[in-house]
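Let's walk through this protein together, one contact at a time. Have the viewer open and click along as you read.

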Amino acid sequence: MVGRRRLGRQFGWLWAAYAVSAYGSGLGFGALPLIAVLALHAGPAEVSALSAVGPAVGALIAVPLAPWVEFRRKRPVMIAMDLTRFAAMATIPVAYAFGWLGFVQLLVTSAVVAAAKIAFNAASGAYLKALVRPDDLLVANARFESTNWSSIAVGPPLGGAAIGLFGPVATVVADALSYLFSALGITAMRGREDAPRTTTQSPVRAGALFDGWRHIMGHPGLRALYLNNMLVAGLIMATEPLLAVLLLRQLGFPPWQYGLAFAAPCVGGLIGSRLARRVVARHGQYGVFRTVGTLRAIWLIGLAFVHPGVIGLVTVIAVELAIIINMSLYTPVLATYRLEHTPKHLVARTLSAWSIGQQASVAILTALAGFLADITTPRTALMVAGLLILTTPLLLPRRDHVASEPELASSHS
């Protein structure tokens, strides 16, 4: 059983720190756009800008951070990124309390948190590869994936209740504190971490900024998975604001049904992540990439056919459940393959490049989908997104690309 596999005390602290920040982020899911609407009376254009521009700027900030993360001990980097996110998020309730809160501050906070998240994930991925045995990477990634989906299932409904009881910045306070507790958890980890070795080349040379992309694009399997993942993630995330407008404004769904439509299917994340190890053992990584990678793309078009009432609610839940089960099975296998096929001295830069590309794709496709919805209808934009995602399995890697032996972690950088 995946749940009974023991990975050691150090991993337990890392997992606990991840869980604390994940549940804090779940509580604060969508908090910045909500504050923009409730506290600053922002219009649709400003809310869209906050959802797209902030993360896009954060991705740009993260580009020069990648070599910095690579050539430093990873635990101090993770602590620094947690404290950065805590400080950035904590400015919002302080500014709100004194009546100083403005839209620019929300944009800056969104960008800083996005950049720090990319750097944190790159450091934690590199640390995880050094922390657990290669045979345990899939188990570890499946546990992170399970935690992520359970936080999304529980967090937003509780966050909505907290906002109703305590005001629009309540969940931001919880989210900020979760980063502080995560930093404390990582600080509690014991054991000496070796400093990364460097060569005579400067680790901050201009070319180091793009080493992660060079590795991804030079590896046939990673290249195919990277391009596929950017499009799939971007198209799925681009449908969220469209669906909000369709369900809440045009079809008249009450807010509690809208929240239920997104929270209930997250149970599928627990199912898929727990199945990952068994499915890989039976069908191999290639089978998961080709079959599950295709299955996660075929359901999205169903959102274009949602109608009012109970049938419409059930349709949304069923579509989201099918997508999430397949995504939560696919994602830990992808994360494991990515670590297996990346040399030790390139892990942080590769993970940064991956996150930056995905975040940029989400921002661009969200903006394009919003523009299309403005000139047509949200339902038309959902239809287009559903049709485009059907082409993404063509980008999945061939068997010979996946079956190649993992690259050995280099002993130097």
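Are Arg 349 and Asp 211 buried or exposed? Both residues are buried. Please keep in mind as we go that this is a predicted model, so every distance and angle below was computed from predicted coordinates. The side chains of Arg 349 and Asp 211 form a salt bridge, with their closest N and O atoms 2.6 Å apart. Arg 349 belongs to helix α13 (residues 347-375) and Asp 211 to helix α8, so this pair ties together parts that are 138 residues apart in sequence.

Stay with Asp 211 for a moment, as it has another partner. A salt bridge also joins the side chains of Arg 214 and Asp 211, at 2.5 Å from N to O. Here both partners sit in helix α8 (residues 211-218), 3 residues apart, or about one turn of the helix. An α-helix has 3.6 residues a turn, so residues three or four places apart point the same way. How exposed is Arg 214? With a relative accessible area of 49%, Arg 214 is partly exposed, whereas Asp 211 counts as buried at 11% relative accessibility. Adding Glu 70 completes the picture: Glu 70, Asp 211, Arg 214 and Arg 349 are linked in a network of salt bridges.

The structure holds 5 salt bridges, and one of them takes us to helix α4. There, the side chains of Arg 85 and Asp 82 meet at 2.9 Å, N to O. These residues are 3 apart in helix α4, which separates them by about one helical turn. Both Arg 85 and Asp 82 are buried. Arg 85 has a further contact to look at, since its charged end sits over the ring of Phe 120, 4.8 Å from the ring centre.

While you are at helix α4 (residues 74-97), follow it from end to end. Its 24 residues reach 35 Å from the first C-alpha to the last, close to the 34 Å expected at 1.5 Å a residue. Just after α4 comes Gly 99, which takes a positive phi of about 75 degrees.

Now for the aromatic rings. A pair of aromatic rings is described by the distance of the centres and the angle of the planes. A search of the whole structure finds 8 aromatic pairs. In one of them, the ring centres of Phe 98 and Trp 100 are 4.8 Å apart and the planes meet at 20 degrees, so the pair is stacked. Phe 98 and Trp 100 are both exposed.

Phe 289 and Tyr 330 make another pair. Their ring centres are 5.6 Å apart and their planes stand at 65 degrees, so this pair is edge-to-face. Phe 289 lies in helix α11 (residues 267-295) and Tyr 330 in helix α12 (residues 309-340), so the pair ties together parts that are 41 residues apart in sequence. Phe 289 is buried, with a relative accessible area of 0%, and Tyr 330 also counts as buried at 0%. The ring of Tyr 330 has a charged neighbour too: the charged end of Arg 296 sits over it, 3.9 Å from its centre. Elsewhere, ring pairs link Phe 11, Trp 15, Tyr 18 and Phe 144 into a cluster.

Between α11 and α12 runs a loop, and His 307 has its place there. His 307 is partly exposed, with a relative accessible area of 49%. The C-alpha atoms of His 307 and Gln 250 are 10.0 Å apart, while 57 residues separate the two along the chain.

For a contrast with that loop, turn to Gly 58 in helix α3 (residues 44-70). At 0% relative accessibility, Gly 58 counts as buried. Its C-alpha atom is separated by 5.9 Å from that of Val 112, although the two residues are 54 apart along the chain.

Let's finish on the surface. Which residues make the nonpolar surface patch of about 410 Å²? Val 20, Val 173, Leu 177, Phe 181 and Leu 184 do. Helix α7 (residues 170-187) gives the most to this patch, with 4 residues. Val 173 is found in helix α7, and with a relative accessible area of 35% it is partly exposed.

Technical notes. Residues are numbered from 1 along each chain as its sequence is written. This is a predicted model: local features need pLDDT of at least 70, side-chain atom pairs count only at pLDDT 80 or more; totals for chains, interfaces and linings use all residues. Side-chain values use heavy atoms; hydrogens and water are left out. Rings of Phe, Tyr and Trp (its six-membered ring) pair if their centres lie within 6.5 Å; planes under 30 degrees apart count as stacked, over 60 as edge-to-face and the rest as tilted. Buried means under 20% relative accessible area, exposed over 50%, partly exposed in between (1.4 Å probe, protein chains only). Helices (H or I, at least four residues) and strands (E, at least two) are DSSP runs, numbered from the N terminus. A charge sits over a ring if NZ of Lys or CZ of Arg is within 6 Å of the ring centre and within 35 degrees of the ring normal. The expected span of a helix is 1.5 Å times one less than its number of residues. Patches are made of residues with over 30% relative accessible area and no salt bridge: like charges are joined within 9 Å, nonpolar side chains (Val, Leu, Ile, Met, Phe, Trp, Tyr) within 5 Å. Accessible areas come from the Shrake-Rupley method with a 1.4 Å probe; for residues, only the protein chains shown count as cover. A salt bridge is a side-chain nitrogen of Lys or Arg within 4 Å of a carboxyl oxygen of Asp or Glu.
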